Amino acid sequence: MTTSSSERGVSLGMPELPAPAYPDDVRARLEADAREVIARYPDSRSALLPLLHLVQSEEGHVTRTGMRFCADMLGLTTAEVTAVATFYTMYRRKPSGDYQVGVCTNTLCAVMGGDAIFETLQEHLGVGNGETTGDGQVTLEHIECNAACDFAPVVMVNWEFFDNQTPASAKRLVDDLRAGRPVQPTRGARLCTFKETARILAGFPDERPGAVEEGGSAGPASLVGLRLAKGEAAPARVVHPRDGGPHDEPQDRVHEPSPAEHLSSHDAPQDTSASDPAHPAGPTAEEGK
């Protein structure tokens, strides 16, 4: 007696049916928006990234229908569009929440508490990485570096910064999101939904009153290097000899660095961590050895 392939749970690899089209009214609206986006570029193919954000703003993720629409508008194959949509992590491939909560777990954020925050939120929300709460409000994920290491550990919600987080503050954040309470990022405009964020990323203006004026900017810690590059004097520091030998001047003598002076951790060794204060930072051997 033989069994069929379906009974054995074996897929025959049949080709997937073509993606369904948008309803006529949705298609007409998206076409008008897409033509506005495409007109910004000398080569229409360059409009693919914002068009993917546009279709994502329609359904909350990039569907097969959305990719087919992008291909039609740009004269590309669906394979070409799929290759881009699957490469960039900002494009969601499955339904997700109104608020994408991303916890940075790269090195600095991780050691400063990012791993603990992520584990706490997984337990608190009852979801795993890339999963969405039952109410459809929050999708949790760990994400790569957000270039905000000077504010570690960092959590992002719909790509807005929430700096210097702790497990407790992150729990309050997601609770406020799920309860519909207003949430203000550390730097930037008040939050909007993921669909609304996607439309803004497609290149359309944020029409909420005052939102543009609230737009994000670099925090003070991020601007230190810029001030030094402009020749502005750094704050006064007390610098001691590295070798611990006798001082040529009193230890409380303030050193005023010149704008051209190279400032690094080697200028004034610091403890490696609070748990090991007996071992100062700095190279232990000549470079190259």
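**Exercise 1.** In this predicted model, identify which residues of helix 2 are buried.

*Solution.* Buried denotes a relative accessible area under 20%. By that criterion the buried residues of helix 2 are L48, P50, L51, L52, H53, L54, V55, Q56 and S57. The count is thus nine of twelve residues, and helix 2 is mostly covered.

**Exercise 2.** Determine which helices the buried residues of helix 2 pack against.

*Solution.* Take the partners in sequence order. Before helix 2 comes helix 1 (24–38). The remaining partners are helix 3 (64–74), helix 4 (78–85) and helix 7 (194–201).

**Exercise 3.** Test whether the end-to-end distance of helix 2 agrees with the span expected from its number of residues.

*Solution.* Helix 2 covers residues 48–59, twelve in number. The expected span is 1.5 Å times one less than the number of residues, which gives 16 Å for this helix. The end C-alpha atoms lie 17 Å apart, so the two values agree. Just after helix 2, G60 adopts a positive phi of about 85 degrees.

**Exercise 4.** Place helix 2 in the chain as a whole: state how many helices and strands there are, and in what pattern they follow one another.

*Solution.* The chain contains eight helices and five strands. Along the sequence they follow the pattern α-α-α-α-β-α-β-β-β-β-α-α-α.

**Exercise 5.** Describe burial, contacts and exposed area for the chain.

*Solution.* First, 33% of the 289 residues count as buried. Next, among contacts with a separation of 6 or more, 61% join residues 24 or more positions apart. Finally, the chain exposes about 17400 Å², of which carbon and sulfur atoms supply 54%.

Technical notes:
Residues are numbered from 1 along each chain as its sequence is written. This is a predicted model: local features need pLDDT of at least 70, side-chain atom pairs count only at pLDDT 80 or more; totals for chains, interfaces and linings use all residues. Side-chain values use heavy atoms; hydrogens and water are left out. Helices (H or I, at least four residues) and strands (E, at least two) are DSSP runs, numbered from the N terminus. Buried means under 20% relative accessible area, exposed over 50%, partly exposed in between (1.4 Å probe, protein chains only). Contact means heavy atoms within 4.5 Å. Accessible areas come from the Shrake-Rupley method with a 1.4 Å probe; for residues, only the protein chains shown count as cover.
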